[in-house]
Amino acid sequence: MKFAHYDGRAVVTDGQRAVFAADASNGKYADDPQSIFAVWDEFATWSQTVDLADGFVIDRTKLGAPSPQPRQVFAVGLNYADHTAESGLDLPPEPAVFTKFPTSVTGPDTILELPTDTVDWEAELVAVIGRPTHRVSESAAWDHVAGLTVGQDISERTRQLIGPAPQFSLGKSFPGFSPTGPWLVTVDELGNRDDLGIGCSVNGQVMQDGRTSDLIFSVSRIIAKLSAILPLLPGDLIFTGTPSGVGGARKPPVFLRHGDVLETWVEGIGTITSTCRTGTPYPAGSTS
Ligand code: ZN
C-alpha cells in the first residue's frame, strides 16, 4: 500500500490513482495525514479493501510530506562505510544520531532555497514509525514501521561542521532541508526491505548510487537502539544515513547552485525532486 498526503488530505494510492481516506472510509479516518499514524495498523488493514479503479489521477504538484508534522525526526550520520571513509572518519561503534527539526520537513517536489553556497545533498531511506515504540527488540522492530519513504538530508556544511561541538542538527534544519515522499510504501510491497537501491543526481549526473544493504546499522537495529533510550512515536521519521558521493567530500568540493535540479530515489518507492534557488542569505543581517 502507498499512503500519501495530497492537497492537505490523507490518501491511499498506487502511485497513479488515489482516493481520499476520509471519503472512502465514510469518515472513519480523518483528512489529517498525521492522525492516521495513531491508528496505523487498523488503517493499513482497512486500506487493503480500497478500490482504486475509481480513484482520481494524481497531480504530483499536490503531494506533501507523507508525515508532515512528525513529533520527532531522527537522523543517523556515518551509516555507510563508504561515506564514513570519504568523510575521513572511523566507523562509529554506535549510531551517530542527531535531529532534523520538524519545521524542515517538506514534500517531494519542492523549491530548495539555498541560504549559503555550501549546501550539500544526502540521499536517504526514511523509515516512518507506525506504533508507539519503546524498548523493542531488533527482531520486533519492523512491526513498528508504518512504511518507508525517500528523503534528502540536505546539509549546510559550514554550519554543520562549525565549532568544537559540530552543529549537525542546525546545519541540517533550514526550511525545506528535509524533503520526503513522494509517498510512504508499506514494506510488504518491497522485494527485500533491507536491500534497496538508493541514489541521487544533480542535473542528470548521478552523484550517489548505493544499496541499503550496506547500512552499518540497519533499520531494525537503529529502531532497537533508539527505542532503548526513548519512545518513538507514530509518525516519527528516521533518516537512516547516506552512501558515498556527497558533494563536500569531492575534490574539489561541489555544492548546490541556483538552478540545479536534485533528484533523489529509492528503489521500489520513487523519486523526489528539489529545484534549487538562491535563498535568503545566511547569516542574515541583525533584525534586533
Ligand atoms: Zn544524513
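Buried means under 20% relative accessible area. I start there because that cut-off settles the first residue: Gln160, at 5% relative accessibility, counts as buried. One caution before going on: this is a predicted model.

Gln160 is found in helix 6, residues 157-161. What does Gln160 touch, not counting residues up to four places away in sequence? The list is Ser155, Pro166, Gln167, Phe168, Gly171 and Lys172. Keep Lys172 and helix 6 in mind, as both return later.

Next, the overall layout. The protein is divided into domain 1, residues 2-63, and domain 2, residues 73-278. Domain 1 gives 13 residues to the contact, and domain 2 gives 17 residues. The C-alpha centres of the two domains lie 25 Å apart.

Now the metal. Which residues coordinate the zinc ion? They are Glu122, Glu124 and Asp153, with the two glutamates using OE atoms and the aspartate an OD atom, at 1.9 to 2.1 Å. Along the chain, these donors follow the spacing E-x1-E-x28-D. Glu124 lies in strand 11, residues 123-129, while Asp153 is in the loop between strand 12 (145-152) and strand 13 (155-156), so this pair ties together parts that are 29 residues apart in sequence.

Are those two residues buried or exposed? Glu124 has 0% relative accessibility, so Glu124 counts as buried. Asp153 also has 0% relative accessibility and counts as buried.

Glu124 deserves another minute. Although buried, Glu124 has no salt bridge. The nearest side chain of opposite charge is Lys172, 5.4 Å away. A salt bridge needs a side-chain nitrogen of Lys or Arg within 4 Å of a carboxyl oxygen of Asp or Glu, and that is the cut-off to hold against the 5.4 Å for Lys172. A polar atom of the Glu124 side chain does lie 3.5 Å from the backbone nitrogen of Thr240. Leaving aside neighbours within four places in sequence, the contacts of Glu124 include Thr149, Val150, Gly151, Asp153, Phe239 and Thr240.

That brings us to salt bridges in general. Side chains of opposite charge can pair when their charged atoms come close. How many salt bridges does the structure hold? There are 14. I will go through three.

The first on my list is Glu42 with Lys28, at 3.3 Å from N to O. This pair links distant parts of the chain, 14 residues apart: Glu42 is in helix 3 (residues 40-47), and Lys28 is in the loop between helix 1 (21-24) and helix 2 (33-36). Glu42 counts as partly exposed at 41% relative accessibility, and Lys28 is exposed at 55%.

Next comes Arg131 with Asp41, where the closest N and O atoms are 2.6 Å apart. Arg131 lies in the loop between strand 11 and helix 5 and Asp41 in helix 3, so the bridge ties together parts that are 90 residues apart in sequence. Arg131 is partly exposed at 29%, and Asp41 is partly exposed at 36%.

The last on my list is Arg157 with Asp120, at 2.8 Å from N to O. Arg157 lies in helix 6 and Asp120 in strand 10 (residues 119-120), so parts 37 residues apart in sequence are tied together. Both of these residues are buried. They also belong to a network of salt bridges that links Lys100, Asp120, Glu122, Asp153, Arg157 and Lys172. Two names in that network, Glu122 and Asp153, also coordinate the zinc ion.

Now helix 8, residues 219-227. It is mostly covered: seven of its nine residues are buried. Those are Val219, Ser220, Ile222, Ile223, Ala224, Leu226 and Ser227. What do they pack against? The partners are strand 6 (73-77), strand 7 (96-99), strand 11, helix 5 (138-141), strand 12 and strand 17 (237-239). Strand 11 is also where Glu124 lies.

Finally, some backbone details. The peptide bond from Gly181 to Pro182 is cis, with omega near -5 degrees, and Pro182 is in strand 14, residues 178-185. Another cis peptide bond joins Tyr282 and Pro283, with omega about 0 degrees. Pro283 lies in the segment after strand 19. Asp7, in the loop between strand 1 and strand 2, has a positive phi near 55 degrees. Leu78, in the loop between strand 6 and helix 4, has a positive phi near 50 degrees. Neither residue is a glycine.

Key: Residues numbered from 1 in each chain as written. Predicted model: local features only at pLDDT ≥ 70, side-chain atom pairs only at ≥ 80, totals over all residues. Heavy atoms only, no water. Donors = N, O, S within 2.8 Å, 3.2 Å for Na, K, Ca; no water. Helix = DSSP H or I, 4+ residues; strand = E, 2+ residues; numbered from the N terminus. Buried < 20%, exposed > 50% of the residue type's maximum accessible area, 1.4 Å probe, protein only. Lys, Arg positive; Asp, Glu negative; His and termini not counted. Polar contact = N/O pair within 3.5 Å; in protein donor to acceptor, adjacent residues only side chain to side chain. Contact = heavy atoms within 4.5 Å. Domains from an automatic or database assignment.
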